[in-house]
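Trainee: I should like to examine how the aromatic rings in this structure are arranged. May we go through them together?

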Amino acid sequence: MLDKEVVQQRGFHNVYQDGQVVGFQVGYRSTYYRGIWLSMSTGFEVTVDGEKFSGAQVKVTVGGKTCTQEEMKKIGNVQWPNYEAAFLTVAKPGGLKLGVHQIEIAWGHRTSYIPGGMNFGPEGGPPSRKLVLVY
């Protein structure tokens with residue numbers, strides 16, 4: 001079940017590998033009114049409490065398939081439906097401290113009928129939400 005807001009509270013947590021915190025994960029609901037092929041996405045930028053993460057720092061998981069942002073642009077068989085959150089895994093050694101964080105996610109995608117595509121970022125202001133990290 002998706003949260004009403006674009007930036008999802010559900011799934012917001014630190015990521016552990018071999019007992020160490022290596023980053024964090026946050027969900028994002030598409031702002032496009034219908035699903036898109038993941039390869040149509042132009043990328044994600046996550047900002048947490050003013051610190052920006054982009055490019056190779058952010059991996060994307062949709063439909064159980066995890067890829068880098070570069071791989072995402074070349075995958076032609078993964079669809080991101082509008083009723084499913086994409087989970088963004090951000091590499092940040094030590095992760096985030098427990099508590100409240102201001103999260104912004106900028107995202108863009110290409111469409112065949114809008115030259116230049118659609119970008120949801122600094123110009124219009126990226127979707128932003130305060131989330132509570134509990135684990």
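Mentor: The turns below concern the aromatic pairs of this predicted model.

Trainee: How many aromatic pairs does the structure hold?

Mentor: Rings of Phe, Tyr and Trp pair if their centres lie within 6.5 Å. The number of such aromatic pairs that the structure holds is 7.

Trainee: Are the rings of Tyr-28 and Trp-80 stacked, edge-to-face or tilted?

Mentor: Planes under 30 degrees apart count as stacked and those over 60 as edge-to-face, with the rest tilted. The ring centres of Tyr-28 and Trp-80 are 6.4 Å apart and their planes stand at 45°, so the pair is tilted.

Trainee: How many residues apart are Tyr-28 and Trp-80?

Mentor: Tyr-28 belongs to strand β2 (residues 20-29), and Trp-80 to strand β8 (residues 79-80). The pair thus links distant parts of the chain, and the separation is 52 residues.

Trainee: Is Trp-80 buried or exposed?

Mentor: Buried means under 20% relative accessible area. Trp-80 has a relative accessibility of 0%, so Trp-80 counts as buried.

Trainee: Which parts does the pair of Phe-44 and Trp-80 tie together?

Mentor: Phe-44 and Trp-80 form a tilted pair, 6.0 Å centre to centre with 50° between the planes. Phe-44 lies in one strand and Trp-80 in another, so the pair ties together parts 36 residues apart in sequence: strand β4 (residues 41-48) and strand β8.

Trainee: Which residues do ring pairs link into a cluster?

Mentor: Tyr-28 is buried, at 0% relative accessible area, and Phe-44 is buried, at 3%. Both belong to the cluster that ring pairs link, made of Tyr-28, Phe-44, Trp-80 and Trp-107.

Conventions:
Residues are numbered from 1 along each chain as its sequence is written. This is a predicted model: local features need pLDDT of at least 70, side-chain atom pairs count only at pLDDT 80 or more; totals for chains, interfaces and linings use all residues. Side-chain values use heavy atoms; hydrogens and water are left out. Helices (H or I, at least four residues) and strands (E, at least two) are DSSP runs, numbered from the N terminus. Buried means under 20% relative accessible area, exposed over 50%, partly exposed in between (1.4 Å probe, protein chains only).
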